[in-house]
Amino acid sequence: MADKKIALFPGSFDPFTRGHEDIIRRAMGLFDEVIVAIGHNSKKQRYFEIDFMIERIESVFADTDKVKVITYNELTASLAKKHGARYLLRGLRNTTDFEYENSISQVNRYLNTSLETVFLITSPEYAHISSTIIREVHKYEGDISPFVPYDL
């Protein structure tokens with residue numbers, strides 16, 4: 001495919017949620033390939049191991065070859081260029097997410113002028129889900145199965 005539409009979906013995915021899955025499944029109709037890029041954030045200690053999360057995300061998308069999972073430790077804009085991704089995929093739950101993501105998208109565009117950020121509004125049934133809340137529930141042995149699309 002000469003002009004393959006590749007989207008990069010970066011994040012810590014700690015953990016990967018049903019909201020993340022929803023964004024990717026919807027993006028599969030817009031893009032030829034979606035690369036889920038699990039980043040290393042030096043300011044955060046991971047709760048779920050990266051290898052564990054890679055396996056879980058790959059299992060969720062075992063039904064398609066349009067989704068690839070990678071890890072990275074570099075600028076997102078540089079990673080996108082390396083993989084031929086001209087789109088950054090981001091999900092928005094609310095206006096707070098928009099304010100934060102808008103700033104990041106401006107910097108990414110400055111660093112890589114061929115990069116467009118595409119925002120998808122989270123489906124209402126997933127808007128309340130956040131990885132932070134899921135980690136807290138899991139830490140205190142609560143049931144997180146309604147919020148993640150895989151078995152722990």
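Begin by selecting strand β2, residues 33–39, in this predicted model. From β2, E33, I35, A37 and G39 point one way, while V34, V36 and I38 point the other way; all are buried. In a regular strand, side chains alternate between the two faces of the sheet. Because 7 of the 7 residues of β2 are buried, that is, under 20% relative accessible area, the strand is largely enclosed by the rest of the structure.

Next, add strand β1, residues 6–11, which pairs with β2 in the parallel sense over 6 bridges. To locate the register, display G11, which stands opposite I38 in β2. Following the chain from β1 leads through helix α1, residues 18–27, to β2; this β-α-β crossover is right-handed.

Now select strand β3, residues 67–72. Its pairing with β2 is also parallel, over 6 bridges. Here V67 of β3 is the bridge partner of V34. Helix α2, residues 50–60, completes a right-handed β-α-β unit with β2 and β3.

Finally, turn to the largest pocket, whose volume is about 1,200 Å³. Which residues are the closest to its centre? Select G11, S12, R90, Y100 and E101, which hold that position among the 41 residues of the lining. G11 is thus the residue already displayed opposite I38.

To view the surroundings, colour β1, α1, β4 (87–92), α4 (95–111) and α5 (131–139), each of which supplies at least two lining residues. The largest share, 8 residues, comes from α4. Colouring the lining by class shows 13 nonpolar, 19 polar and 9 charged residues.

Definitions and conventions:
Residues are numbered from 1 along each chain as its sequence is written. This is a predicted model: local features need pLDDT of at least 70, side-chain atom pairs count only at pLDDT 80 or more; totals for chains, interfaces and linings use all residues. Side-chain values use heavy atoms; hydrogens and water are left out. Buried means under 20% relative accessible area, exposed over 50%, partly exposed in between (1.4 Å probe, protein chains only). Helices (H or I, at least four residues) and strands (E, at least two) are DSSP runs, numbered from the N terminus. Two strands pair if DSSP finds at least two bridges between them. A crossover is right-handed if, with the strands pointing away from the viewer, the path from the first strand over the helix to the second runs clockwise. On a 1 Å grid over the protein atoms alone, a cavity is a set of points where a 1.4 Å probe fits but cannot get out, and a pocket is an open set with protein on both sides within 12 Å along at least five of seven lines; lining residues have an atom within 4 Å of a point. Grid points are joined across faces, edges and corners, and a volume is the space filled by probe spheres set on the points. Ala, Val, Leu, Ile, Met, Phe, Trp, Tyr, Cys and Pro count as nonpolar, Asp, Glu, Lys and Arg as charged, and the others, Gly among them, as polar.
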